[in-house]
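Reader: I have a structure on my screen and want to learn about its pockets and cores. Can we go through it together?

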Amino acid sequence: MSLVVLGIDAGGTKTEGVLYDALSKNEINRFLAGPGNPIVRKKEAWQNIEHVICQGIQHVNLVGLTMKHIVCGVAGGNASEESSNFARKTKEKYHCSVIILNDAQLAYYADFGQKEGVLTIGGTGSISMTRRGGDWISVGGWGHLLGDEGSAYWIAMEALRKVMKELDQGQLSRFSQIIVDEIGSVESIEKRVKQFVYTSDKSDIASLAVTVGELMEEGNMEAIGIGVTAGYFLAEQTIQCASQITNAGKLFVSKRGSVLKKNETVSKAFDFRIQQKVSLYQFDMITSTEGSCCIGALYAI
């Protein structure tokens, strides 16, 4: 009888679960539910994660398989009392092991398995992560108020800071005018920007990075400057993370997150900066899988 692992990637927009055969590593089935980030919506997130688990258990029972492990990658998941309680109750209910990881840890396993490398995520936030022996090491990941340099949120805020500086100088560039037009319409630009920043949540502000990215593609120099700086910030934290492992001779780096995966300006600046800084390494960039992080569950058990 096959033993089954359920990997769950609980993200800000959706919760994805994938059933795998633990021996062959083949996918059996996959399931979806709503947002699964408990930092944003605690009650709803855990309900959606539980819903995916229920779907997985129902399928396993239907086809006569045995659930062996449930591995969840949840934002901040491995460091909260809620996650510990959820894991305990789920284990008692379904009689299988339950592991709750940070979402970045699940992504790391998906890209590197048990090997050494550096995962850098440039999405709404930013973090670099590696493993040394059995210990997790991270650089960044402090959140949008303390850090997240190079992230979509940071890119958006850099654009808005530029707008503010130009307002103080009394003249808006084309770049700033496009940013202002994107964020709404009230009687004054000053009120428009303040209203957007102080009444919007983190993800809404971060979404402005899409507009900045489009300006980069058009060749707008203000936008390109922000993108290059973002890439450099992400590269610096990657190198800092890499300096703490002993994988001599090579540096294996995986890029994840919308900023690093979809923004060519940021991604190229990131690659260039690492190649500049790591003269003692044979630079070997691993492109992360386009698919789900859920497969990382197979290497976390």
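Author: Sure, and keep in mind that this is a predicted model. Let's begin with the smaller of two spaces: the second largest pocket has a volume of about 350 Å³.

Reader: Okay, which element gives the most to the lining of the second largest pocket?

Author: Start with the lining itself: 17 residues, with Ala209, Val210, Ser258, Lys262 and Asn263 nearest the centre. Two or more residues come from each of α7, α8 (208–218), α10 and α11 (264–277). With six residues, the top contributor is α8.

Reader: How much space lies in the largest pocket?

Author: Its lining divides into 11 nonpolar, 20 polar and 12 charged residues. Elements that each supply at least two of them include β1 (3–10), α3 (103–112) and β7 (126–132). As for the space in the largest pocket, the value is about 1700 Å³.

Reader: And which residues are closest to the centre of the largest pocket?

Author: There are 43 lining residues to pick from. The ones closest to the centre are Gly11, Gly12, Asn37, Asp103 and Thr124.

Reader: Which helix gives the most to the largest nonpolar core?

Author: In soluble globular proteins, nonpolar side chains tend to be buried together. Here, the largest nonpolar core has 43 residues, and Phe175 is one of those touching the most other members. Leaving aside neighbours within four places in sequence, Phe175 is in contact with residues including Ala159, Val212 and Leu215. The helix that gives the most to this core, 10 residues, is α4.

Reader: How many residues are in the second, separate core?

Author: Its members include Val4, Ile57, Ala87 and Ile100. The count for this second core is 23.

Note on methods: Residues numbered from 1 in each chain as written. Predicted model: local features only at pLDDT ≥ 70, side-chain atom pairs only at ≥ 80, totals over all residues. Heavy atoms only, no water. 1 Å grid on protein atoms, 1.4 Å probe; cavity = no way out; pocket = protein on both sides within 12 Å on 5 of 7 lines; lining within 4 Å. Points joined across faces, edges and corners; volume = space filled by probe spheres on them. Helix = DSSP H or I, 4+ residues; strand = E, 2+ residues; numbered from the N terminus. Nonpolar A, V, L, I, M, F, W, Y, C, P; charged D, E, K, R; others polar. Core = buried A, V, L, I, M, F, W, Y, C linked by side-chain atoms within 4.5 Å. Buried < 20%, exposed > 50% of the residue type's maximum accessible area, 1.4 Å probe, protein only. Contact = heavy atoms within 4.5 Å.
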